[in-house]
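Please examine the sequence and the three-dimensional structure shown here. The report after it is meant to be read alongside both.

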Amino acid sequence: MVAAKNTQLIVLKTCLFLFILHICFPVSARQNNLKRSQIYIRDPFIFPDLKSKTYYMYSSSYNYNGMPGKRMGVTVYKSKDLENWEGPYKVFETGNGFWADTTHGCWAPEVHEFNGSYFLFTTFTNSKIKLQHQLTNRPDSVVTRRATVILKSNSPEGPFLPVSSKAETPPEWMALDGTLMVENGKPYMVFCREWIQVKDGTLEMVPLKNDLSELLSKPTTLFKATAAPWVRGLDLHGGGFVTDGPAFYKNKKGQLLMLWSSFAKNGYAVGQAVSASGKLNGPWKQIAQPLFDGDGGHPSLFKTFDGKLIMSIHQPNKGNIRCRLFEIIENKTGLLQIQSELQLDNKPMAYEKDGYVEMEAENFANQTKDEKRKWHLQTNDSASGKKYMMILPDTRKTHGDSLYNGINFSNKAGEMAVLSYNVNFATPGRYYVWVRAMSTGSEDNSVHVGINGNWPETGLRMQWCAGKNKWWLESKQRTQKEHCGVPYQIYLDIDKPGLHTVQFSMREDGFRMDKFLLTLNRDFKPGNEPD
């Protein structure tokens with residue numbers, strides 16, 4: 001009997017322990033396997049660990065259940081290929097006497113390896129500590145303690161602990177986005193002084209002790225936001241000019257390049273500046289055109305395990321924010337330029353440039369509503385890339401063939417056989433839609449076009465009459481009065497820069513689509529060969 005009671009007691013204690021473990025560590029016990037497209041993240045920073053051949057992506061703890069009492073902190077995701085991720089895992093949490101507000105999000109965490117240790121730079125805020133400013137029309141309530149903190153660990157997976165009991169940026173400054181820069185073996189921190197406090201935000205540099213625990217001097221200003229001709233002001237908090245997210249690259253000429261973010265004509269953007277001396281203290285020359293101007297930014301740079309230089313940013317700046325990865329190359333002048341993008345979920349994407357987009361029909365991201373009719377990949381030597389998409393089966397080839405609404409015909413856009421395409425727009429505006437199609441008769445010559453799941457009237461009933469039995473670029477809308485279509489009436493309005501989904505849905509089966517064009521130029525000339 002005693003043995004039985006002892007056994008029961010052991011079982012109860014074991015169950016209690018497992019219950020407590022489940023409650024206290026719910027996320028770490030049940031980690032998620034995620035695609036990059038599924039991870040909401042601002043200011044993404046990716047650290048490639050050569051020892052484990054693992055990529056670590058650091059993030060603020062958005063909706064992370066593993067933080068007690070809704071405390072904020074830093075989490076990390078792990079990946080072997082930059083597309084499939086495990087996590088999040090907690091690496092630091094606020095509280096326990098830490099000076100920052102436990103419920104205010106930490107910003108821009110990034111990790112650097114230095115002298116055999118891993119250092120986490122991240123920004124915290126305490127809204128109860130008010131700071132002084134010398135600006136008119138500046139609400140005192142927003143000028144609060146904000147600073148970059150440096151933490152240390154012996155592993156990129158943490159846990160990280162502060163190297164000092166105080167923040168590393170000046171206590172009277174509203175500062176953020178600190179990063180590590182090592183020059184001639186000596187560590188420096190480069191950070192931003194918040195525009196809310198000084199109106200014209202700055203980039204600052206300051207030398208650090210070898211253990212990164214303390215500043216060795218007062219910061220030196222490298223430049224102000226308005227030094228860059230592409231920068232535009234914000235109207236928030238009395239107005240001002242933003243500096244965010246510095247990152248560095250040494251080019252083949254020995255020049256030091258800095259990527260950084262502010263706001264440009266089309267929203268959040270990435271610019272670059274050059275130190276001709278090759279040294280951190282400059283002088284810095286701003287490049288007139290942004291590197292990326294599509295409402296995305298806060299760049300970081302890293303190299304893949306096969307040697308490719310990658311820039312990470314978040315985009316768009318509000319809403320459905322994701323980590324975007326671009327392969328970067330150095331051009332003949334020594335500046336950085338975007339070569340290509342590592343696609344989300346390995347899906348094709350087109351990029352608007354100078355108000356123009358061109359995309360092959362076969363490069364769709366996905367197909368839906370394909371139960372009754374479906375787009376099929378076909379080959380043809382005269383098609384662009386020798387490939388095109390066709391809606392099959394084709395059962396209504398002539399006007400005498402039976403019409404079955406909702407089966408071989410649909411006047412309702414988005415109802416049947418929908419192809420979706422990823423298009424990144426840098427420039428908002430009205431884009432006229434042109435499609436290169438081939439019709440063989442009067443019953444396979446129309447299609448609908450939409451945007452982001454919406455099917456505006458200006459995208460309905462694209463119609464072809466000219467160019468029978470050949471590929472023909474057209475942009476006309478069928479109307480009650482004009483069955484062969486009216487020009488200038490097929491367009492999509494893009495209200496903001498960023499990633500959008502352009503969609504085509506069936507109106508008639510048998511429709512053949514080779515590619516589509518989007519242009520801001522209302523007077524675009526298609527260059528079709530005459531009949």
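The sections below describe a sheet, three individual residues, a pocket and a cavity in turn.

## Basis of the report

The structure is a predicted model. The residue numbers used throughout count from 1 along the chain as its sequence is written.

## A sheet of four strands

Strands of a sheet pair through backbone hydrogen bonds, and the pairing may be parallel or antiparallel. In this model, one open sheet consists of 4 strands in the order 10-11-12-13, and their pairing is antiparallel. Strand 10 (175-183) and strand 13 (220-224) form the edges, since each of them pairs on one side only. From one strand to the next, the twist averages 25°.

Within this sheet, strand 10 pairs with strand 11 (residues 186-193) in the antiparallel sense, and 7 bridges join the two. One pair of facing residues can be named: Leu176 stands opposite Cys192, which belongs to strand 11.

## Asp244 and its surroundings

Asp244 is part of strand 14, which covers residues 244-250. Is this residue buried or exposed? Asp244 has a relative accessible area of 12%. Because buried means under 20%, Asp244 counts as buried.

Beyond its neighbours within four places in sequence, Asp244 is in contact with Leu176, Asp177, Cys192, Trp260, Ser261, Tyr268 and His298. Two of these names, Leu176 and Cys192, are the facing residues described in the sheet above. With Tyr268, the side chain of Asp244 makes a polar contact, side chain to side chain, at 2.8 Å. Ser59 is 185 residues away from Asp244 along the chain, and the C-alpha atoms of the two are separated by 16 Å.

## Thr54 in strand 3

Thr54 is located in strand 3, which comprises residues 54-60. The relative accessibility of Thr54 is 7%, so this residue counts as buried. A polar atom of the Thr54 side chain lies 3.1 Å from the backbone oxygen of Ser52.

Which residues does Thr54 touch, apart from those up to four places away in sequence? They are Phe47, Pro48, Asp49, Lys78, Ser79, Lys80 and Phe305.

## Asn363 in a loop

Asn363 lies in a loop, with strand 23 (356-360) on one side and strand 24 (366-368) on the other. Its relative accessibility is 30%. Because partly exposed covers the range between under 20% and over 50%, Asn363 is placed in that class.

When residues up to four places away in sequence are not counted, Asn363 touches Pro348 and Tyr421. Tyr388 is 25 residues from Asn363 along the chain, and 9.7 Å separates their C-alpha atoms.

## The largest pocket

The largest pocket contains about 950 Å³ of space. It is lined by 29 residues, of which Pro290, Leu291, Phe292, Asp293 and Lys353 are the closest to its centre. Which strand gives the largest share of the lining? Strand 21 (residues 336-342) does, with 5 residues.

## The cavity

The structure has 1 cavity of 30 Å³ or more. The volume of the largest cavity is about 30 Å³. Its lining is made up of Asp43, Pro44, Phe45, Ala108, Pro109, Glu110, His298, Pro299 and Ser300. Strand 6 (107-114) and strand 18 (297-303) each contribute at least two residues to this lining. His298, one of the lining residues, is also among the residues in contact with Asp244.

Definitions and conventions: Predicted model: local features only at pLDDT ≥ 70, side-chain atom pairs only at ≥ 80, totals over all residues. Heavy atoms only, no water. Buried < 20%, exposed > 50% of the residue type's maximum accessible area, 1.4 Å probe, protein only. Contact = heavy atoms within 4.5 Å. Polar contact = N/O pair within 3.5 Å; in protein donor to acceptor, adjacent residues only side chain to side chain. Pairing = 2+ DSSP bridges. Axes fitted to C-alpha atoms, helices over the stretch in contact; angles between N-to-C directions. 1 Å grid on protein atoms, 1.4 Å probe; cavity = no way out; pocket = protein on both sides within 12 Å on 5 of 7 lines; lining within 4 Å. Points joined across faces, edges and corners; volume = space filled by probe spheres on them.
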